[in-house]
Amino acid sequence: MQLNQLNKGDHATIIKINANKILKDRFASFGIMRGEEISVKGYSIGKQTMEIEAGATLIALRADEAMKIEVEKRA
Amino acid sequence: MKPIVIALAGQPNVGKSSLINALSNATLKVGNFSGVTVDKTEIIFNLCDVISSTDYEIHIIDLPGAYSLTEYTIEEKVTKSFLQSDEYDIIVNVVDSTNLQRNLLFTTQLLETGKKVVVALNMDDEAQKEGIEIDAEQLSAILGVPCIKTSAANKEGIEPLKEAIIEVFNRPQTSAKVIYSDPIEEEIAHIVNFMEQKHFKSPLPYRHLAVKLLQEDETTYKQMHDKPIWIELLPIIRQSLQHIYLHTTTKDLDEIFADEHFAFAKGAKMEVMSLKSMRAKNLTQKIDNLLINNVLGIPLFLLFMWGLFQLTFELGSLPMDLIDSAFGWLGDQTKVLLGDGGLGSLVADGMIGGVGAVLMFLPNIVILFLGIALLETTGYMARVAFLLDGFFHKFGLHGKSFIPLVTGFGCSVPAYMAARTLKNEKDRLITLFIIGFMSCGARLPIYVLFAGAFFSQEDAGNILFIIYISGAMLGLLMAKALKLFVFKGEDEPFVMEMPKYRLPSLKLIWHTVYGQAKSYMKKAGTFILFASILIWFASNYPKVDAPTHLESNQVKLYELEHSYLGIMGHASEPFFAPLGMDWRMAVSLEAGLAAKEVVVSTLGVLYALGDDVDEGSEGLIAQIRANIPFASAIAFIVFVMIYLPCLAASMVFAKEAGGWKYLVYLFVMTTASAWILSFVAYRVTQLII
């Protein structure tokens, strides 16, 4: 499933990132990489932007970017 | 004295600026490199090494914060290009000890540059409070470079850091090493071994060269291409790459090495860091639960904003009035001294008035920037962007656009400067272009005058509201249009760190505010002064002798009509005629290019009442009602809403947008849309009544 389909409080593992090199680099510099675990901290009104935690970093991203990250939800 | 040039690099929010302050004690010399929004700063100071009793002259180049050596943001572009192509001796990498893994990712990229590196594990005090323990010696061993624990806030570890810098500076070569996974290490060893056998002469260490070759680094290939060893080296590299691909799912070397760096940073962190508690993280979480709450988040933000603008414009108006009257007094005194002639008028009205106009905005700017610096350093600004991006993105803007736009309702000058908080060039330009649509405080008297003249007391308030709201909506539509037709192309992705909440450092805030104020005074000030002299000249020359039978207030009208400004007004009459405006309205609009405050007083002169009128003046209201048709008045209001902001604001706009050509664009855009909408308003009103 896509990252922005998760609910607040969900934990997930990143399985694939479908983005160009620039965006991939940006993700990587925040620790958003294949195999890493993330958790969803919250959404803004209308789910346009979301906040996730990867490693010890809190990251805000738009739904457009979150769509490019495939995750597997963890129980 | 030996010079040491240090490139200070680190991710954003790691306390680089504070560390520089701690290192240099007092900033002896600060010079800015050119650049619109991102500046590299150079700080120079002397350092005496006690052990070898050598004097060093330290040059620190403070590079903008970058998350990695990529080109995602302007900051990263500046940093990357400096690190790769400028001359320097050492990289001092400032690392946030409370977020070791992400910071070490950048460190690995710096280690790969082949330059000498010293790592400052900064914010040690905060890390300790959070229960994070880092084994600096172990980390030094892993990275092969000295890692020094520092706390810029408490001035701890500064001396050891200086010693490490000098020690590393005197080493012949860097000992930095990034360790890769076994398959890659094997291939590196293979290539290094071959170079050793060939006794290949290289200015760079073999290992470094081997890594660059495996990464398919273009410059390295170009350099190696002309060497005789190349013929034999090439097949070895080709084979090595084939071996590496056996272990990976992709043949994209960027991706392969990104994975390697990540694994290295993660591994290093695991080995040197231990966590005892999770206190501070929970604090940020708790504040966030409130501040970006779905229900409370936006109301709380609006409350903060309301407070900030109250402070800016209420508190700011006190010194503003003071400055205004002080310069007024100074002008009067000058006239007493120099007489009421040309020279007196030039100095008093042109120059002193001009300087006064520049200084007037200073209290606003200082207070607003104090507020914005507070929002930025505490980490709240990122939350603002998060909360509002959903709405603003629909119009091609960014969540952070909100603050400059709302500031625009007060005054465009600080608003243009506030747009600096937008790091993306396109977002910033679009925001800059539409700030003028947010009607500033100085336009209010014009609206009040016309609303008072043409609408009943009860309706006037509603009319004002409609004027402000429709201006703002127009601005948003204009942003959308700019996005669709001018600043085309795909959206820059929005992936942003939400930094931990931190208490602001007073010193840093003072520094930012002082810097902004100074740059405003220096750059905008000179142009505003020059332009106000020009406007003064246009409205006072050529001198004509008014016929003697005229009364004193008609003399002023006569003089203004025959001044360059009046001539211009007459000349531009055909331009304004389709909008139902005569030359007098044209002149007051043109005078409004200098400052919107002037529009009302010019109308006063032109309707033969003298310039001592304000928007509440019964005589002026009556004159306006009697002389201006309703439809023309509507067209006038619409024109005032949209056309170019005042001179001071235009100067600041040109500077913030990064060139005079943008001011030309802005002039064309605002004038064209003001004219068209005015025309529509005029015709529609004529049809209705």
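Which residue of β3(A) does A:Ser39 stand opposite? The partner of A:Ser39 in β3(A) is A:Glu53, and this pair belongs to a predicted model in which an open sheet of six strands has the order β5(A)-β1(A)-β2(A)-β3(A)-β4(A)-β10(B). Being a predicted model, it requires pLDDT of at least 70 for local features and counts side-chain atom pairs only at pLDDT 80 or more, whereas totals for chains, interfaces and linings use all residues. Residues are numbered from 1 along each chain as its sequence is written, while chains are lettered from A and ligands numbered from 1 in the order in which they are written.

**The sheet**

- The pairing in this open sheet is antiparallel, where two strands pair if DSSP finds at least two bridges between them, and strands (E, at least two residues) and helices (H or I, at least four residues) are DSSP runs numbered from the N terminus.
- Because β5 (69-74) of chain A and β10 of chain B stand at the edges with a single partner strand each, one side of each is left without a neighbour in the sheet.
- From one strand to the next, the twist averages 40°.
- The edge strand β5(A) is joined to β1(A) by six bridges in an antiparallel arrangement, and within this pairing A:Ala12 stands opposite A:Lys73 of β5(A).
- Strand β1 (residues 11-17) of chain A also pairs with strand β2 (residues 37-43) of chain A, in the antiparallel sense and over three bridges; here A:His11 has A:Ser39 of β2(A) as its bridge partner.
- On to strand β3 (residues 49-54) of chain A, β2(A) is connected by five bridges, and the two strands run antiparallel.
- Five residues lie between β2(A) and β3(A) in the hairpin that they form, and A:Gly46 in the turn has a positive phi of about 80°.

**The contact between chains A and B**

- The sheet continues from chain A into chain B through three bridges between strand β4 (residues 57-62) of chain A and β10(B), which run antiparallel, and A:Ile59 is found opposite B:Glu497 of β10(B).
- Overall, 25 residues of chain B are in contact with 27 residues of chain A, contact being defined by C-beta atoms, placed from the backbone, that lie within 7 Å.
- On the side of chain B that touches chain A, at least two residues each are supplied by α3 (100-111), α11 (253-272), α16 (380-393) and β10 (495-497) of chain B, and the largest share, six residues, comes from α16(B).
- By class, this side of chain B has 14 nonpolar, seven polar and four charged residues (Ala, Val, Leu, Ile, Met, Phe, Trp, Tyr, Cys and Pro count as nonpolar, Asp, Glu, Lys and Arg as charged, and the others, Gly among them, as polar).

**Domains of chain B**

- An automatic or database domain assignment provides the bounds by which chain B is divided into domain 1 (2-169), domain 2 (182-275), domain 3 (297-442 + 473-491 + 510-523) and domain 4 (528-688).
- The C-alpha centres of domain 3 and domain 4 of chain B are 23 Å apart, and 24 residues of domain 3 are in contact with 23 residues of domain 4.
- Of the residues that domain 3 of chain B brings to this contact, α14 (342-360), α18 (412-418) and α19 (425-435) of chain B each supply at least two, with the largest share, nine residues, coming from α14(B).
- The side of domain 3 that touches domain 4 in chain B divides into 15 nonpolar, seven polar and two charged residues.

**Helix packing in chain B**

- The axes of helix α29 (residues 630-642) and helix α31 (residues 660-688) of chain B come within 8 Å and cross at roughly 155°, where axes are lines fitted to C-alpha atoms, for helices over the stretch in contact, and angles run from 0 to 180 degrees between N-to-C directions.
- α29(B) and α31(B) are therefore roughly antiparallel to each other (angles over 145 degrees count as roughly antiparallel, under 35 as roughly parallel, 65 to 115 as roughly perpendicular and the rest as oblique).
- The contact of α29(B) with α31(B) has 11 nonpolar, six polar and no charged residues.
- α3(B) and α11(B) pack at an angle of about 130° with their axes 8 Å apart, and are therefore oblique to each other.

How values were computed
Two residues are in contact if their C-beta atoms, placed from the backbone, lie within 7 Å.
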